[in-house]
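Here are my notes on the model you sent round. Have the structure open while you go through them.

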Amino acid sequence: EMSNPDIEVARDLKKMAVERGLSLPCFSVGIDLVGEHKEVNVPKLKKYAEICADLEIPYLHHTVASRFSGGFRSGDASYFDEGVEATCEIAEYANKLGVKTLLEDQGFIVNGVEGYGKFRAAANNCFDTLVDTGNIYFVDETAGAFAESFAFCTRHTHVKDYYITKEEPKDVPSYLSKNGNYISCAVANDGDVDYGRVKEALKKAGYNGLYSLEYTLDKKEDLDRTLEYLAAEFGDM
C-alpha cells in the first residue's frame with residue numbers, strides 16, 4: 001500500500017492500527033539512494049518523512065544501497081560518498097519536521113561494525129541506529145558485536161534469526177554472504193543469531209524501544225513459538 005508516498009492511504013493505515021491497538025513506532029523504506037536512482041528517490045523519501053510527521057511516527061528508517069543485498073559486489077567507490085550525501089540531506093529535511101532518521105546494518109556499504117561506523121562518522125552522526133539482528137551476517141559478523149558497538153544510539157530493533165552454513169541448504173531459499181557463507185531463515189532461537197549478547201548490550205545502554213519481527217514463517221505454530229521466545233528473552237526490558 002505504501003510503495004508510493006500517498007498521505008491518504010497512510011492515514012487509513014494509521015486509523016486501522018489505532019483501532020487494533022497497534023503502535024507505529026517506525027516507518028521503514030527499502031530504497032536506493034545511489035547511482036541512477038538517486039534523483040528520483042531522494043525527493044520520494046522526503047515525502048515519506050512528511051508522512052511520518054503527519055502520522056506522528058517518530059522514526060523514518062531507510063536503506064541506502066539496497067541493490068547490494070543480493071550478493072557482494074565491490075561496486076563503485078562513489079556510492080559511499082553519494083550515500084552519505086543523500087543520507088545527510090534526508091536527515092536534515094526530516095529533522096525539520098520533527099522526525100529522526102535511522103539506518104540499519106544493511107547491504108554491504110552500510111554494514112559491519114567498521115563499515116557502519118565509517119559511514120555514520122562520514123555523515124556527522126546525523127542518523128541514529130536500527131539494530132537488525134540478521135543483516136549483519138551478510139558481512140560475516142555477529143548481531144552481538146554490532147549491538148555492543150551501537151546500542152548507545154539504537155532507537156529501534158528488527159528481530160530475525162538465520163542459519164549460517166558453509167554448504168548451500170537444500171529445498172529452502174538462501175542468501176550468500178560476503179565471504180561465501182549461506183544464510184537461510186530460521187524460527188527464533190533455532191538459528192545462529194546471538195540474541196543473548198544483543199539483549200545484554202541493549203539493556204546496558206538503557207534501550208527502551210520496541211522490537212519489530214522480520215520473519216518468513218509459513219506456520220502459525222512457528223509464529224507463536226517465535227513470539228513466546230522473544231517475549232521471554234526481551235520482555236523484562
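The points below cover one helix and its surroundings, then a set of paired strands.

1. Bear in mind that this is a predicted model. Everything that follows is computed from it, so read it that way.

2. Let's start with helix H7, which runs over residues 220-234 and has 15 residues. From its first C-alpha to its last, H7 reaches 21 Å, close to the 21 Å expected at 1.5 Å a residue.

3. Which residues of H7 are buried? They are Asp222, Thr226, Tyr229, Leu230, Glu233 and Phe234. These cover an arc of only 100° around the axis, so they sit on the same side of H7. Note that the buried set includes Asp222 and Glu233, in case you want to look at those two yourself.

4. Now turn to the face of H7 that points away from the buried side: Lys220, Glu221, Glu228 and Ala232 are the exposed residues there.

5. What covers the buried residues of H7? The cover includes helix H6 (195-204), along with strands S5 (154-159) and S9 (211-213).

6. On to the strands. S6 (residues 161-165) and S8 (residues 182-186) run antiparallel and are joined by 5 bridges. If you want a spot to check the register, Thr165 stands opposite Tyr182 in S8.

7. S8 also pairs with strand S7 (residues 175-176), again antiparallel, through 2 bridges. Here Tyr175 has Ile183 as its bridge partner in S8.

8. S7 and S8 make a hairpin, with 5 residues between the two strands. In the turn, have a look at Gly180: its phi is positive, at about 90°.

Key
Residues numbered from 1 in each chain as written. Predicted model: local features only at pLDDT ≥ 70, side-chain atom pairs only at ≥ 80, totals over all residues. Heavy atoms only, no water. Helix = DSSP H or I, 4+ residues; strand = E, 2+ residues; numbered from the N terminus. Expected span 1.5 Å × (residues − 1). Buried < 20%, exposed > 50% of the residue type's maximum accessible area, 1.4 Å probe, protein only. Arc of directions from axis to C-beta. Contact = heavy atoms within 4.5 Å. Pairing = 2+ DSSP bridges.
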